[in-house]
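Student: I'd like a close look at a single part of this structure, please. Take me through one stretch of it slowly, and then show me how that stretch links up with the rest.

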Amino acid sequence: VTPVALEGFKTPLLNKYPGAAAAYSLRRLKSWDDGKRVVEVRRSSDSTTQGFTASQITNGDLVAFCGAGDGFVSTWYDQSGNANDAVQATTTAQPKIVDAGALVVGGLDFDGVDDFLEVASVTLTQRYYSFSVSLTDLPSSSQGIWSIGDNTSSTVESSSLYRGDDGFSINSGATLTSAPSNTYSAATTYLKSSDYNSASSEVFVNGVSVAAGSAGAVNPSGKLFIGSFFVPAQLPLNGRISEIIIYDSNQSANRAGIEANINDHYSIY
């Protein structure tokens with residue numbers, strides 16, 4: 001018997017495809033991290049905070065902690081091993097995970113007004129990749145899934161977003177969008193895989209290529225924002241995020257395998 005524990009008889013994603021720069025999920029992404037917290041949650045009744053593992057979310061412990069009230073995420077822990085934890089100290093800007101005593105379906109719920117989580121510093125070098133599971137409740141509205149910004153010049157150096165043209169979009173110095181040929185719908189969960197590769201960048205949705213071309217040649221460095229295009233509350237997401245995994249490397253050879261692992265868990269398509 002191998003020492004690698006299996007989750008649902010499947011090898012956890014980061015065991016099979018290691019090397020992520022940052023990884024956020026409510027499921028366990030590494031077999032040896034079963035006892036580690038994936039989120040810290042603040043309950044609305046008295047603002048007490050507590051960390052929860054993936055199994056404590058699914059077994060009801062998180063909902064029991066929140067009672068009949070709401071629960072908000074103050075920290076989304078990075079499972080990559082790089083300590084790029086995403087935090088939000090301002091209570092009014094924390095995404096919701098428990099709503100009136102019930103676990104939110106579809107991940108962390110961002111309110112589209114001012115909710116976001118922030119990582120102190122992330123640096124990526126092209127060619128890099130990202131994978132996300134998310135949905136938006138608003139069509140025809142530009143909303144950030146994640147972005148990296150240079151705090152000195154207040155510019156966005158990299159992003160993955162739902163664009164106002166209804167396209168699945170990425171930007172690392174230039175905008176690449178799938179519209180008008182391929183567009184998103186409200187309240188629909190998508191697995192979006194993004195290859196940031198200068199003039200040869202590409203966006204895949206549910207395993208299918210939807211856009212190819214230039215996304216710019218910037219090597220981003222700065223704060224990582226989850227649920228917003230930039231702060232304060234610029235193009236915030238009105239929707240939910242279940243998972244974001246970012247690799248500071250070319251994952252084209254592994255893309256289909258990573259997508260299969262994600263889809264096996266979430267049954268998106």
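Tutor: Happy to. Let's begin with a term: two strands count as paired if DSSP finds at least two bridges between them. Please keep in mind throughout that this is a predicted model.

With that term in hand, start at the hairpin of E2 and E3, which has 5 residues between its strands. In the turn, Ser47 takes a positive phi of about 65 degrees. The strands E2 (residues 39-43) and E3 (residues 49-52) run antiparallel and are joined by 4 bridges. To find your place in that pairing, look at Glu40, which stands opposite Gly51 in E3. Strand E2 is mostly covered, with 4 of its 5 residues buried.

E2 also pairs with E4, again in the antiparallel sense, over 5 bridges. There, Arg43 has Gly71 of E4 as its bridge partner. Gly71 also stands opposite Val98 in E6, and that leads us onward: E4 and strand E6 (residues 96-99) are antiparallel and joined by 2 bridges. From E6, another 2 bridges lead to strand E7 (residues 102-103), also antiparallel. In this pairing, Asp99 faces Ala102 of E7. E6 and E7 make a hairpin with 2 residues between the strands, where Ala100 has a positive phi near 50 degrees.

Before leaving E4, glance at the loop between E4 and strand E5 (86-87), where you will find Ala83. Why is Ala83 called exposed? Its relative accessible area is 60%, and exposed means over 50%.

Now look at what the strands carry inward. Tyr24 and Trp76 are both buried. Their rings form a tilted aromatic pair, 5.9 Å centre to centre, with 50 degrees between the planes. Because Tyr24 belongs to strand E1 (residues 20-25) and Trp76 to strand E4 (residues 71-76), the pair ties together parts that are 52 residues apart in sequence.

A second pair worth finding is that of Phe131 and Tyr247, which is edge-to-face, with centres 6.1 Å apart and 85 degrees between the planes. Phe131 lies in E10 and Tyr247 in E19, so this pair ties together parts 116 residues apart in sequence. Phe131 counts as buried because its relative accessibility is 1%. Tyr247 is buried too, with a relative accessible area of 0%. In all, the structure holds 11 aromatic pairs.

Tyr24 and Trp76 also take us to the largest nonpolar core, which has 46 residues. Both are among the residues that touch the most other members, together with Val39, Ile97, Trp146, Leu224 and Ile226. Ile226 gives a good view of this core: leaving aside residues up to four places away in sequence, its contacts include Tyr24, Trp76, Ala86, Phe110, Phe116, Trp146 and Ile241. Another core, of 16 residues, lies apart from it, and its members include Tyr129, Val133, Ile245 and Ile268.

Phe110, one of the contacts of Ile226, sits in strand E8 (residues 108-111), where the side chains alternate. Leu108 and Phe110 point to one face and are buried, while Asp109 and Asp111 point to the other and are not buried. E8 runs antiparallel to E19, with 4 bridges joining them, and Asp109 stands opposite Arg240 of E19.

Strand E10, the home of Phe131, also holds Ser130. With a relative accessible area of 1%, Ser130 is buried. Among the residues that Ser130 touches are Trp146, Lys192, Tyr196 and Ile245.

Both E10 (128-136) and E19 (238-247) help cover the buried residues of helix H4, as do helix H1 (13-16) and strands E15 (190-196) and E16 (201-205). Those buried residues of H4 are Arg255, Ile258, Glu259, Asn261, Ile262 and Asn263. Arg255 also lies over the face of Phe204, 3.7 Å from the ring centre. At 1.5 Å a residue, the 12 residues of H4 (residues 255-266) should span 16 Å, and the end C-alpha atoms are indeed 16 Å apart. Just after the helix, Ser267 takes a positive phi of about 50 degrees.

Definitions and conventions
Residues numbered from 1 in each chain as written. Predicted model: local features only at pLDDT ≥ 70, side-chain atom pairs only at ≥ 80, totals over all residues. Heavy atoms only, no water. Core = buried A, V, L, I, M, F, W, Y, C linked by side-chain atoms within 4.5 Å. Buried < 20%, exposed > 50% of the residue type's maximum accessible area, 1.4 Å probe, protein only. Contact = heavy atoms within 4.5 Å. Expected span 1.5 Å × (residues − 1). Phe/Tyr/Trp six-rings, centres within 6.5 Å; stacked < 30°, edge-to-face > 60°. Lys NZ or Arg CZ within 6 Å of the ring centre and 35° of its normal.
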